[in-house]
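Biologist: Please take one part of this model and go through it closely. I would like the contacts described one by one, and then whatever else is worth noting about the backbone.

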Amino acid sequence: QVQLVESGGGLVQPGGSLRLSCAASGTIFSIDVMGWYRQAPGKERERVATIISGNSPNYTDSVKGRFAISRDNAKNTVYLQMNSLKPEDTAVYYCKAIVKTRTSSPRYIFWGQGTQVTVSS
């Protein structure tokens with residue numbers, strides 16, 4: 001099995017910054033995709049940013065120029081640097097990873113437990 005543990009959420013004022021981290025552990029052969037999603041109250045979960053090993057990151061339009069996703073393959077960890085935060089960024093942020101647990105296994109999707117980000121004055 002694979003576990004994803006997120007950290008770094010909290011309360012921040014508009015215009016402030018936060019950095020989220022998500023570390024994957026367990027039976028891991030390779031991680032093809034790591035990403036961040038968020039879900040605000042009363043809304044569906046939406047993709048924020050994803051990064052495929054060896055490729056450029058991809059962002060949803062509302063965070064382009066403000067958020068940056070990065071990945072440390074040696075640590076199986078993905079980060080989300082969030083700058084110029086707005087109240088509409090308030091949500092529970094979830095980490096997602098698409099993992100092969102063995103060389104011949106299919107790819108499995110794993111989710112973290114979520115971390116709350118609140119942007120408010």
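Modeller: The side chain of Glu6 comes within 3.1 Å of the backbone nitrogen of Gln113, and it also reaches the backbone nitrogen of Gly114, at 2.5 Å. The model is a predicted one, and these distances are computed from it. Glu6 belongs to strand S1, which covers residues 2–7.

Glu6 is buried, yet it has no salt bridge. The nearest side chain of opposite charge is that of Arg45, 7.7 Å away; a salt bridge would need a side-chain nitrogen of Lys or Arg within 4 Å of a carboxyl oxygen. What the Glu6 side chain does reach is backbone: the nitrogen of Gln113 and that of Gly114.

The surroundings of Glu6 can be listed, leaving out residues up to four places away in sequence. Gln113 and Gly114 appear among its contacts, together with Gly112 and Thr115. Glu6 also touches Ser21, Trp36, Tyr93 and Tyr94. Two cysteines, Cys22 and Cys95, complete the list.

Those two cysteines are bonded to each other: Cys22 and Cys95 form a disulfide, with their sulfur atoms 2.1 Å apart. The structure holds one disulfide. Cys22 lies in strand S3 (residues 18–26) and Cys95 in strand S9 (residues 91–100), so the link ties together parts that are 73 residues apart in sequence. The angle about the S-S bond is -80°, which makes the link of Cys22 and Cys95 left-handed. Both Cys22 and Cys95 are buried, as is Glu6, which touches them.

As for the backbone, two loop residues deserve a note. Most residues other than glycine have a negative phi. Asn76 is not a glycine, yet its phi is positive, at about 50°. Asn76 sits in the loop between strand S7 (67–72) and strand S8 (77–82). With a relative accessible area of 24%, Asn76 is partly exposed.

Ser84 is the other residue to note: its phi is positive, about 50°, although Ser84 is not a glycine. Ser84 is placed in the loop between S8 and S9. Strand S9 is also where Cys95 of the disulfide lies. The relative accessibility of Ser84 is 41%, so it counts as partly exposed.

Conventions
Residues are numbered from 1 along each chain as its sequence is written. This is a predicted model: local features need pLDDT of at least 70, side-chain atom pairs count only at pLDDT 80 or more; totals for chains, interfaces and linings use all residues. Side-chain values use heavy atoms; hydrogens and water are left out. A disulfide is a pair of cysteine sulfur atoms within 2.5 Å. Helices (H or I, at least four residues) and strands (E, at least two) are DSSP runs, numbered from the N terminus. Buried means under 20% relative accessible area, exposed over 50%, partly exposed in between (1.4 Å probe, protein chains only). Lys and Arg count as positive and Asp and Glu as negative; His and the chain ends are not counted. A polar contact is a pair of N or O atoms within 3.5 Å; within protein, one must be able to donate a hydrogen and the other to accept it, and residues adjacent in sequence count only if both atoms are side-chain atoms. Contact means heavy atoms within 4.5 Å.
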